[in-house]
Amino acid sequence: MDHETTPHSIPELESYFSEDYLYFADLVNPPERSDREVEAIWKLLSLGHGNSVLELGCGYGRITNRLAEKGARVTGLDISPSLLKKAEADAAERRVDVEYTRGDMRSLPWRDRFDAAFLWYTTFGYFDEADNERVLHEAAASLRKGGRLLIDQINRFSLLREQSPTYEIVQRDNDLRIDIINNDALTDRRNSERIVVRGGCVRRMRLSIRQYGFSECVRMLRSAGFDSVEAYGQEGEDFTSYGPRLVVVAYK
């Protein structure tokens, strides 16, 4: 069996998070879901009006701009020009001021600046072990003393119930997005091949994400400089072994 261990290159990530990603986005994450998630993030990070917040892998701003509407001072970082352009347009439409920056979460330009930072919607684990840990060290360095870091990811124990591969299909008019997903228990990676059939063209891309358990997160986060780590389930509910999400909050 071939086990996917190759980390993503920046061009691969840009290819995955492209116009095709945006085209199907509102079907996958409708506005009411984004509204609900923002409320959960606000509570989990103990945010208040005027707090400075950094979203790593902010995508097209569906969370970032809503946090700004609630009164946070928000910065969003992403590698995708297409998604950032959409985020900026949405911010202008909502009349909120958000600082959007194109960059790599493994090398951040800020130090001791933010009250809180977060990686939402399985945005952690794109790289190899060393670079994934580097993301956490960079996030920690960007936070002030007392800052909080939130990571939302799939609960890997819930994946034990899945037959592999699984197939996820999203349809918009005559266009399709098909994901073929394999969970590799030997590498703890969730490997997805995406096939987009749109406008008479077929495009293929891949995404591989490392799935971390809570004890691994605690080890890495303490190594990165955080003092304590808490575990929650989906959108801040109590964590359960076979619930769909593991949400981690670390305190610096």
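Here are some numbered notes on the structure above, which is a predicted model.

1. Let's start with the sheet. It is an open one built from 7 strands, and if you walk across it you meet them in the order S3-S2-S1-S4-S5-S11-S10. The pairing is mixed. As background, strands of a sheet pair through backbone hydrogen bonds, either parallel or antiparallel.

2. Now look at the two ends of that walk. Strand S3 (99-102) and strand S10 (228-232) are the edge strands, and each has a single partner, so one side of each has no neighbour in the sheet. On average, neighbouring strands in this sheet are turned by 15 degrees against each other, ignoring direction.

3. Zoom in on one pair. Strand S1 (residues 52-56) runs alongside strand S2 (residues 73-78) in the parallel sense, with 5 bridges between them. If you want to find some of these yourself, Glu55 has Gly76 in S2 as its bridge partner, and Val53 has Val74 in S2.

4. Is S2 largely enclosed or largely open? It is largely enclosed by the rest of the structure, because 5 of its 6 residues are buried. Buried here means under 20% relative accessible area.

5. Next, the helices that sit on the sheet. H5 packs there and touches S2 and S3, and its direction makes about 170 degrees with that of S3. Helix H6 (residues 129-142) packs on the sheet too, touching S1, strand S4 (114-119) and strand S5 (143-154). The direction of H6 makes about 145 degrees with that of S5.

6. H5 (residues 81-94) also has a helix to deal with. Its axis and that of helix H2 (residues 19-28) come within 8 Å and cross at roughly 45 degrees. That angle is why H2 counts as oblique to H5. The crossing is right-handed.

7. Which residues meet where H2 and H5 touch? From H2 you have Glu19, Tyr21 and Leu22, and from H5 you have Ser82, Leu83 and Lys86. Sorted by type, the residues of this contact are 3 nonpolar, 1 polar and 2 charged.

8. A spot worth clicking on is the peptide bond between Ser164 and Pro165. That bond is cis, with omega at about 5 degrees. To find Pro165, go to the loop between S5 and strand S6 (166-172).

9. Two residues have a positive phi without being glycine. One is Ser46, where phi is about 50 degrees. Ser46 belongs to the loop between helix H3 (31-44) and S1. Its relative accessibility is 51%, so Ser46 counts as exposed; the cut-off for exposed is over 50%.

10. The other is Asp188, with phi near 55 degrees. Look for Asp188 in the loop between strand S7 (175-184) and strand S8 (189-198). Is Asp188 exposed or partly exposed? With a relative accessible area of 26%, Asp188 is partly exposed.

11. Last stop: Arg206, which lies in strand S9 (residues 201-210). Arg206 has 23% relative accessibility, so it counts as partly exposed. How far apart are Arg206 and Ile181 in sequence and in space? They are 25 residues apart along the chain, and their C-alpha atoms are 9.8 Å apart in space.

Definitions and conventions: Residues are numbered from 1 along each chain as its sequence is written. This is a predicted model: local features need pLDDT of at least 70, side-chain atom pairs count only at pLDDT 80 or more; totals for chains, interfaces and linings use all residues. Side-chain values use heavy atoms; hydrogens and water are left out. Axes are lines fitted to C-alpha atoms, for helices over the stretch in contact, and angles run from 0 to 180 degrees between N-to-C directions. Helices (H or I, at least four residues) and strands (E, at least two) are DSSP runs, numbered from the N terminus. Angles under 35 degrees count as roughly parallel, over 145 as roughly antiparallel, 65 to 115 as roughly perpendicular and the rest as oblique. A crossing is left-handed if the near helix is turned anticlockwise from the far one by less than a right angle, and right-handed if clockwise. Contact means heavy atoms within 4.5 Å. Ala, Val, Leu, Ile, Met, Phe, Trp, Tyr, Cys and Pro count as nonpolar, Asp, Glu, Lys and Arg as charged, and the others, Gly among them, as polar. Two strands pair if DSSP finds at least two bridges between them. Buried means under 20% relative accessible area, exposed over 50%, partly exposed in between (1.4 Å probe, protein chains only).
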